[in-house]
Amino acid sequence: MNHALEQLTKQDASGHAIQGDLDYAGGQGRLSGLKFELAAVDNPASFTQKHTDVKSERDALIKVAHGTTTLAFKFKDGIIVATDSRATMGNIIGSQTVKKVIEINPYLLGTMAGGAADCGFWERVLGMECRLYELRNKKRISVAAASKILVNLVLRYKGMGLSMGTMVAGWDEKGPGLFYVDSEGERMTNDLFSVGSGSTFAYGILDASYKYDMEPEEAIDLARRAIYHAAHRDAFSGGVVRMYWVKRDGWVPFPLEDVSDLYYKYHPEIQLTNATESPITVTSV
């Protein structure tokens with residue numbers, strides 16, 4: 001962290017922090033166009049940690065408001081990626097049409113959970129890095145290498161207020177690849193992930209029905225149902241269901257589906273049990 005701060009922070013004659021250039025990807029190059037304002041204090045990292053609340057646990061000068069549902073899983077014919085589209089600012093719905101899947105290149109997708117600006121900015125930087133890799137090496141970057149670049153980028157800002165829980169999904173020479181990367185420097189691979197405030201509800205559907213050898217129609221319906229149920233139960237998720245299918249020859253998007261319309265499709269699954277057969281009776285004492 002100290003090394004990163006030395007690279008990012010320069011001081012003027014009065015000792016105040018000024019804009020610094022971002023050194024990226026382990027020192028492979030310098031993106032002179034990317035500049036960040038750091039707090040004009042002796043230790044910007046400690047100042048940011050003290051006054052930023054990422055996990056909604058305490059009052060702070062900077063409160064990162066977030067809430068979403070994203071998921072991705074492998075199956076025998078590729079990877080299904082699905083998200084909702086609601087953006088919230090605390091208890092306020094800011095938008096119902098946020099695109100939480102970032103198209104990094106024709107074979108690689110990233111998802112957004114956490115701070116929208118953080119996820120959007122760093123995954124677009126990742127897209128630029130992936131393109132530069134192709135130009136240098138004359139071949140597509142692997143999913144594992146792309147996720148490694150992303151975690152190296154955000155790890156330099158660990159503890160400085162970033163809020164990211166992303167998935168990187170794609171197809172390379174080894175087949176389908178799925179990785180989870182977050183702003184704490186965590187990076188892991190698995191066959192199934194769900195991230196966001198609605199993920200506990202989505203996991204309930206996924207754990208009950210997921211299997212690797214599903215047919216494409218089963219996989220698509222499973223992802224749709226998981227996002228719908230998360231949006232139905234989680235106040236911070238909603239809008240439309242956005243889905244992609246990652247195949248050998250690239251990803252394919254699906255038409256958007258409003259979760260309000262899906263309510264009527266899945267209504268038999270969530271109706272009250274024995275509500276009409278057992279009416280409430282009031283007994284006077």
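These questions and answers walk through a predicted model and ask how its descriptions are reached.

Q: Why is Cys119 called buried?
A: Its relative accessible area is 0%. Buried means under 20%, so Cys119 counts as buried.

Q: And what makes Cys130 buried?
A: The reasoning runs along similar lines. Cys130 has 1% relative accessibility, and the cut-off is under 20%, so Cys130 counts as buried.

Q: How many disulfides does the structure hold, and how do you know?
A: A disulfide is a pair of cysteine sulfur atoms within 2.5 Å. The structure holds zero disulfides, which means that no pair of cysteine sulfur atoms meets that limit.

Q: Where is Arg242, and why is it called buried?
A: Arg242 sits in strand 17. Its relative accessible area is 12%, and buried means under 20%, so Arg242 is buried.

Q: Which residues does Arg242 touch, leaving aside those up to four places away in sequence?
A: Arg242 touches Val81, Ala82, Thr83, Thr97, Val98, Lys99, Lys100, Val101 and Leu256. Take Leu256 as an example: Arg242 and Leu256 are 14 residues apart in sequence, and their C-alpha atoms are 5.4 Å apart in space.

Q: What makes strand 17 largely enclosed by the rest of the structure?
A: Strand 17 covers residues 240-247, and seven of its eight residues are buried, so the rest of the structure largely encloses it.

Q: How do you know that strand 8 and strand 17 pair?
A: Two strands pair if there are at least two bridges between them. Strand 8 (residues 78-83) and strand 17 share five bridges, in the antiparallel sense. Because five bridges satisfy a minimum of two, the strands count as paired. One of the contacts across this pair puts Val81 with its bridge partner Tyr244 in strand 17.

Q: What makes strand 19 a partner of strand 17?
A: Strand 19 (residues 257-258) is joined to strand 17 by two bridges, and the two run antiparallel. At least two bridges are needed, so this pair qualifies. Here Val241 stands opposite Glu257 in strand 19.

Q: How do strand 17 and strand 18 pair, and what do they form?
A: Strand 18 (residues 250-253) pairs with strand 17 over four bridges in the antiparallel sense. Trp245 stands opposite Val252 in strand 18. Together the two strands form a hairpin, with two residues between them.

Now to another sheet.

Q: Why do strand 11 and strand 15 stand at the edges?
A: The open sheet has five strands in the order 11-12-13-14-15, with antiparallel pairing. Strand 11 (101-105) and strand 15 (187-189) each have a single partner strand, so one side of each has no neighbour in the sheet. On average, neighbouring strands of this sheet are turned by 20 degrees against each other, direction ignored.

Q: How do you know that strand 13 and strand 14 pair?
A: Eight bridges join strand 13 (residues 165-172) to strand 14 (residues 175-182), and the strands run antiparallel. The requirement is at least two bridges, so they count as a pair. Among the matched residues, Ala169 stands opposite Leu178, and Thr166 has Val181 as its bridge partner. A hairpin joins these strands through two residues.

Q: What makes strand 14 mostly covered?
A: Seven of the eight residues of strand 14 are buried.

Q: How is strand 14 joined to strand 15?
A: Three bridges join them, and they run antiparallel. Tyr180 has Met188 in strand 15 as its bridge partner. The strands form a hairpin with four residues between them, and Gly185 in the turn has a positive phi of about 90 degrees.

Finally, two helices.

Q: Why is helix 3 called oblique to helix 4?
A: Helix 3 and helix 4 (residues 143-155) pack at an angle of about 130 degrees, with their axes 10 Å apart. That angle falls between 115, where roughly perpendicular ends, and 145, over which helices count as roughly antiparallel, so helix 3 is oblique to helix 4. Their crossing is right-handed.

Q: Which residues meet where helix 3 and helix 4 pack?
A: From helix 3 come Trp122, Val125, Leu126, Glu129 and Cys130. They meet Ala146, Ile149, Leu150, Leu153 and Val154 in helix 4. Cys130, at 1% relative accessibility, is the buried residue from an earlier answer.

Definitions and conventions. Residues numbered from 1 in each chain as written. Predicted model: local features only at pLDDT ≥ 70, side-chain atom pairs only at ≥ 80, totals over all residues. Heavy atoms only, no water. Buried < 20%, exposed > 50% of the residue type's maximum accessible area, 1.4 Å probe, protein only. Axes fitted to C-alpha atoms, helices over the stretch in contact; angles between N-to-C directions. Parallel < 35°, antiparallel > 145°, perpendicular 65-115°, else oblique. Left-handed = near helix turned anticlockwise from the far one by under 90°. Contact = heavy atoms within 4.5 Å.
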